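Please open the model in a viewer and keep the sequence at hand. The tour below proceeds by selection, with a note on what each one shows.

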Amino acid sequence: MADNVKRVPEGCHTVSPHLVVRGGAEAIEFYEKAFGAKEIRRSPGPTGKLMHAELKIGDSRIFLNDEFPEMGAKSPLSLDGSPVTIHLYVEDVDSLWQQAVNAGAKVTFPLADQFWGDRYGVLTDPFGHSWSMASHIKDMTPEEIRKAGEAAMAAMGKH
């Protein structure tokens with residue numbers, strides 16, 4: 001390896017989500033409309049399916065590729081869901097939330113002020129991926145969060 005090569009490429013962070021989708025080109029269009037993503041690059045394979053694509057949302061990058069079930073790369077649509085949620089912290093969660101819903105995302109957990117100090121909700125995109133979105137609205141100590149959580153659970157009847 002050349003000594004002058006950055007081990008973490010410019011514009012990338014230590015952790016970057018890599019999504020497998022059914023319909024890569026359509027997914028890129030959706031993420032552009034829903035989250036204001038900017039396409040960095042895409043590499044289609046010989047059949048036109050995406051082998052790799054890179055997008056930027058805010059200051060972070062995500063990678064994606066089309067599903068290739070024969071190679072073990074299955075999308076949430078093939079797996080009947082995903083246990084993973086991608087989280088977006090943004091300045092104006094209400095505006096981006098509405099933009100994503102207008103683009104076709106489905107509400108999984110309604111956007112609301114939460115006991116831990118965030119305005120937070122969860123959406124599912126048309127490709128089966130879950131996206132939580134939040135704006136931090138109140139600084140709280142761990143003790144304040146614990147007490148607020150206990151009060152919220154008691155109000156819901158869950159001790």
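How many bridges join strand S3 to strand S4, and do the two run parallel or antiparallel? Select residues 50-57 for S3 and residues 60-66 for S4: five bridges join these strands, and they run antiparallel. The model is a predicted one.

**The S3-S4 hairpin**

Within this pair, display Glu 54, which stands opposite Phe 63 of S4. Next, move to Ile 57, whose opposite residue in S4 is Ser 60. Two residues lie between the strands of this hairpin, and Gly 58 has a positive phi there, near 60 degrees. Now colour S4 by accessibility: six of its seven residues are buried, so that the strand is mostly covered.

**From S4 to S1**

Add strand S1 (18-21) to the selection. S1 and S4 run parallel and are joined by four bridges. Show His 18 together with its bridge partner in S4, Phe 63. Phe 63 is also the residue that Glu 54 stands opposite.

**The whole sheet**

Extend the selection to strand S2 (38-44). The four strands form an open sheet in the order S1-S4-S3-S2, and their pairing is mixed. Why do S1 and S2 each have one side without a neighbour in the sheet? Both stand at the edges with a single partner strand each, and therefore one side of each is left free of a neighbour in the sheet. From one strand to the next, the twist averages 20 degrees.

Helix H1 comes next; this helix packs on the sheet and touches S1, S2, S3 and S4. The direction of H1 makes about 5 degrees with that of S3.

**Helix H3 and its cover**

Finally, select residues 93-103, helix H3. Which residues of H3 are buried? They are Val 93, Leu 96, Trp 97 and Ala 100. Look down the axis of H3: these buried residues fall within an arc of 105 degrees, and so they line one face of the helix.

To see what covers the buried residues of H3, display elements including helix H1 (24-35), strand S5 (85-89) and strand S6 (106-113). Strand S7 (118-124) and strand S8 (130-136) are also among the covering elements. The last stop is Gly 104, which follows H3 and has a positive phi, near 125 degrees.

Notes
Residues numbered from 1 in each chain as written. Predicted model: local features only at pLDDT ≥ 70, side-chain atom pairs only at ≥ 80, totals over all residues. Heavy atoms only, no water. Buried < 20%, exposed > 50% of the residue type's maximum accessible area, 1.4 Å probe, protein only. Arc of directions from axis to C-beta. Contact = heavy atoms within 4.5 Å. Pairing = 2+ DSSP bridges. Axes fitted to C-alpha atoms, helices over the stretch in contact; angles between N-to-C directions.
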